[in-house]
Amino acid sequence: MCLAVPGKLLEITGEDDLSRRGKVSFGGVLKEVSLAFVPQAQVGDYVTVHVGVALSVVDEAEALQVFEYLRQLGELQEEGSP
Amino acid sequence: MKFVDEYRDPQAAAQYAEALARLVTRPWTLMEVCGGQTHAIVRFGIDQLLPPDLTLVHGPGCPVCVTPVELIDRAIAIAGQSGVIFCSFGDMLRVPGSRDSLLAAKANGGDVRIVYSPLDAVALARSNPERQVVFFAVGFETTAPANALAVHQAKEEGLTNFSLLVSHVLVPPAIEALLGAPGNQVQGFLAAGHVCTVMGWEEYGPLSEQHRVPIVVTGFEPLDILQGVYMVVRQLEEGRAEVENQYARNVRRAGNPAAVELIRRVFQVVPRQWRGVGEIPHSGLGLRPEYAAFDAQTRFAVADIRAVEDPDCQSGLVLQGRLKPHQCPSFGTRCTPEHPLGATMVSSEGACAAYYRYRPRQEEVQG
């Protein structure tokens, strides 16, 4: 139910308010979604969409964090090993 | 798909599993709150990658599962009225009420339709002015912005033939109830990433502090979950109890302010019944008096319909992490997705459905 899927914003229509909408590509499947809650979203951004409504703009720098954390764990282990 | 596939890398998952094995020095029990996480854990076998001392128990975060029986009965009563188009997410259709399901109501001639978004239900109301369109608004905080937006749009457009049957629930009061319950075994939580995408994570601070439990806001892909588990266990091993954010690519500390603003404008906090669990104070959302005209329970006079739960269904224990699905005597025998006793066997996020689909036998062998 709380499934939300990231997709690439291709096109924006409507005014800058609760009626703003956009066309989003989910791996090539296009859907029209509400951009009411992501006024900062620009064409080319990835937005995370739940039941037809974008809830956030994916932070591309933070997206690498899960790998960076793992890399640091690896370094810690190398430092700690004899 | 970008921002999905890379978080399913088996090699990185194996590295996280190895790091966890090095980190754990004693038994710990963690709960993932969200049914979407439960589904990913069972589907990808993440629990089987963990060191034996780590136990993941499944939480109550399946809105379909916790929607009370009597609300299903009310939905069926509304769907059976002539002139009504009853719209719902697909998951709700097979959930058993006290006698029937919405699917049975559809088979009996009710106009029950599956929609992808509450905004689609508003569009139906717009194009069918002679019909009453009702949307079954179940969900956690994640779904509240979409439902609030639907009501807001309907009001702006002056639609008088649209209403919501609301069964919205909130995560923090459920965590509070679990932690306060006698015999609680849960020592740390993976909080639901998309709930926090909307609400942020500041409301978890007092919970973590008061109950001395680590809470890590966690995403839904295998690497997200493994990192979330690592962060919780690290806190436990170091004797810390804080709120941390694993899912920073989507979750900001204050959440999504525009979404929170509209939720607060349309909804207010109310007490809510949780199927299998009972009433939890301050644990739901209901329409504010200014939006009372959009309340389907009043419009169709169904608020007096009462119902009791099937006494053979142990979903309440499953939802509180006290029973694993395969430990229920009815699992896979008297209770299957085709003939479910409770909602946890129906919903794609229900723990019983996840076990039935991905490991119907394995667990019997492993005990």
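Here are four short exercises, with worked solutions, on a predicted model with chains A and B.

**Exercise 1. Work out how helix 1 and helix 12 of chain B are oriented to each other, and what their contact is made of.**

Start by finding the two elements: helix 1 of chain B spans residues 10–23, and helix 12 of chain B spans residues 222–238. Their axes come within 10 Å and cross at roughly 15°. Angles under 35 degrees count as roughly parallel, so that's the label for helix 1 and helix 12 of chain B. As for handedness, the crossing is left-handed.

Next, look at who does the touching. Helix 1 of chain B brings residues including Ala13(B), Tyr16(B), Ala17(B) and Leu20(B), while helix 12 of chain B brings, among them, Leu226(B), Tyr230(B), Val233(B) and Arg234(B). Sort the residues of this contact by class and you get 13 nonpolar, one polar and two charged.

**Exercise 2. Describe the side of chain A that touches chain B.**

First, the head count: 31 residues of chain A are in contact with 44 residues of chain B. Now ask which elements of chain A contribute. Strand 4 (46–50), strand 5 (53–57) and helix 1 (65–80) of chain A each give at least two residues. Helix 1 of chain A has the largest share, with seven residues. Finally, split this side of chain A by class: 21 residues are nonpolar, eight are polar and two are charged.

**Exercise 3. Check the overall build of chain B against what a compact globule would give.**

Begin with the parts list: chain B holds 17 helices and eleven strands. Then get its dimensions; along the principal axes, the C-alpha atoms fill a box of roughly 65 × 45 × 45 Å.

Now the comparison. A compact globule with 367 residues would have a radius of gyration near 21 Å, and chain B has 21 Å, so the two agree. For the interior, note that 55% of the residues of chain B count as buried. One last step is to see how far apart in sequence the contacts reach: of those between residues at least 6 apart, 77% join residues at least 24 apart.

**Exercise 4. Place Arg21(A) in its surroundings: is it buried or partly exposed?**

Locate it first: Arg21(A) sits in strand 2 (residues 21–26) of chain A. Count its C-beta neighbours inside 10 Å and you find 18. Being buried takes 20 or more, so Arg21(A) counts as partly exposed.

Then list its contacts, skipping neighbours within four places in sequence: Thr13(A), Gly14(A), Glu32(A), Val33(A), Ser34(A) and Leu35(A). To finish, take Val38(A), 17 residues away along the chain: its C-alpha atom is separated from that of Arg21(A) by 9.9 Å.

Terms used:
Residues are numbered from 1 along each chain as its sequence is written. Chains are lettered from A and ligands numbered from 1 in the order in which they are written. This is a predicted model: local features need pLDDT of at least 70, side-chain atom pairs count only at pLDDT 80 or more; totals for chains, interfaces and linings use all residues. Axes are lines fitted to C-alpha atoms, for helices over the stretch in contact, and angles run from 0 to 180 degrees between N-to-C directions. Helices (H or I, at least four residues) and strands (E, at least two) are DSSP runs, numbered from the N terminus. Angles under 35 degrees count as roughly parallel, over 145 as roughly antiparallel, 65 to 115 as roughly perpendicular and the rest as oblique. A crossing is left-handed if the near helix is turned anticlockwise from the far one by less than a right angle, and right-handed if clockwise. Two residues are in contact if their C-beta atoms, placed from the backbone, lie within 7 Å. Ala, Val, Leu, Ile, Met, Phe, Trp, Tyr, Cys and Pro count as nonpolar, Asp, Glu, Lys and Arg as charged, and the others, Gly among them, as polar. The radius of gyration is taken over C-alpha atoms; the globule rule is 2.2 Å times the number of residues to the power 0.38. A residue is buried if 20 or more other C-beta atoms lie within 10 Å of its own, exposed if 12 or fewer, and partly exposed in between; C-beta atoms are placed from the backbone.
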